[in-house]
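Let's take a walk through a protein chain together. Have a look at the picture first, and then we'll go piece by piece.

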Amino acid sequence: MHKYERIIYWSEADQKFIVEVPELAGCMADGVTAAEALGNAEIIISEWLETAKEIGREIPTAKGRLMYA
């Protein structure tokens with residue numbers, strides 16, 4: 001499991017759970033259930049990191065919790 005922060009919320013417009021990964025620009029996933037969305041986020045994070053390596057993009061160090069409620 002990657003250590004990047006994930007923000008999960010319900011989207012009325014999409015009728016799905018959305019997961020955003022703020023430290024990785026544009027990295028998002030969705031799912032019908034929260035668990036599915038989080039599982040999809042793991043796949044997308046891996047793909048984001050793989051693509052970043054391939055194109056020479058800097059890979060951010062995971063900082064953990066970025067925002068406070």
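One term to begin with: two residues are in contact when they have heavy atoms within 4.5 Å of each other. What you're looking at is a predicted model, where local features need pLDDT of at least 70 and side-chain atom pairs count only at pLDDT 80 or more, while totals for chains, interfaces and linings use all residues. Residues are numbered from 1 along each chain as its sequence is written, and side-chain values use heavy atoms, with hydrogens and water left out.

Start with the overall plan. The chain has one helix and three strands, and if you read along the sequence you meet them in the pattern β-β-β-α. Helices and strands here are DSSP runs, numbered from the N terminus: a helix is a run of H or I with at least four residues, and a strand is a run of E with at least two. Put a box around the C-alpha atoms, along the principal axes, and that box is roughly 35 × 25 × 20 Å.

Now for the helix, H1. Helix H1 runs over residues 34-55, which makes 22 residues. From its first C-alpha to its last, H1 reaches 31 Å, close to the 32 Å expected at 1.5 Å a residue. That expected span is 1.5 Å times one less than the number of residues in the helix. Right after H1 comes Gly-56, with a positive phi near 80°.

Which residues of H1 are buried? They are Ala-37, Ala-41, Glu-42, Ile-45, Trp-48, Leu-49 and Ala-52. Looking down the axis of H1, these buried residues fall within an arc of 150°, so they line one face of the helix. (The arc is taken from the directions that run from the helix axis to the C-beta atoms.) As for the word itself, buried means under 20% relative accessible area, exposed means over 50%, and partly exposed is in between, with a 1.4 Å probe and protein chains only. And what do the buried residues of H1 pack against? Their partners are strand S1 (7-11), strand S2 (16-20) and strand S3 (28-31).

Let's zoom in on two residues of the helix. Glu-42 sits in H1 and counts as buried because its relative accessibility is 16%. If you skip residues up to four places away in sequence, Glu-42 touches Met-1, His-2 and Arg-6. Asn-40 lies in H1 too, but Asn-40 counts as partly exposed, since its relative accessibility is 27%. Leaving aside neighbours within four places in sequence, Asn-40 is in contact with Ala-29, Asp-30 and Gly-31. Asn-40 and Met-28 are twelve residues apart in sequence, and their C-alpha atoms are 8.9 Å apart in space.

Over to the strands. Lys-16 has its place in strand S2 and is partly exposed, because its relative accessibility is 30%. Not counting neighbours within four places in sequence, Lys-16 is in contact with Tyr-9, Trp-10, Ser-11, Asp-30 and Gly-31. Lys-16 and Ala-37 are 21 residues apart along the chain, with 8.3 Å between their C-alpha atoms.

The loops deserve a visit as well. In the loop between S1 and S2 you'll find Gln-15, whose phi is near 55°, a positive value in a residue other than glycine. Gln-15 is partly exposed, because its relative accessible area is 46%. Move on to the loop between S2 and S3, where Pro-22 has its place. Pro-22 is partly exposed, with a relative accessible area of 38%, and its C-alpha is 14 Å from that of Leu-49, 27 residues away along the chain. Gly-26 is found in the loop between S2 and S3. Is Gly-26 buried or exposed? Gly-26 is exposed, because its relative accessible area is 75%. The C-alpha atoms of Gly-26 and Trp-48 are separated by 9.1 Å, and these residues are 22 apart along the chain.

Finally, step back to the whole chain. Buried residues make up 26% of its 69 residues. Among contacts with a separation of 6 or more, 34% come from residues 24 or more positions apart.
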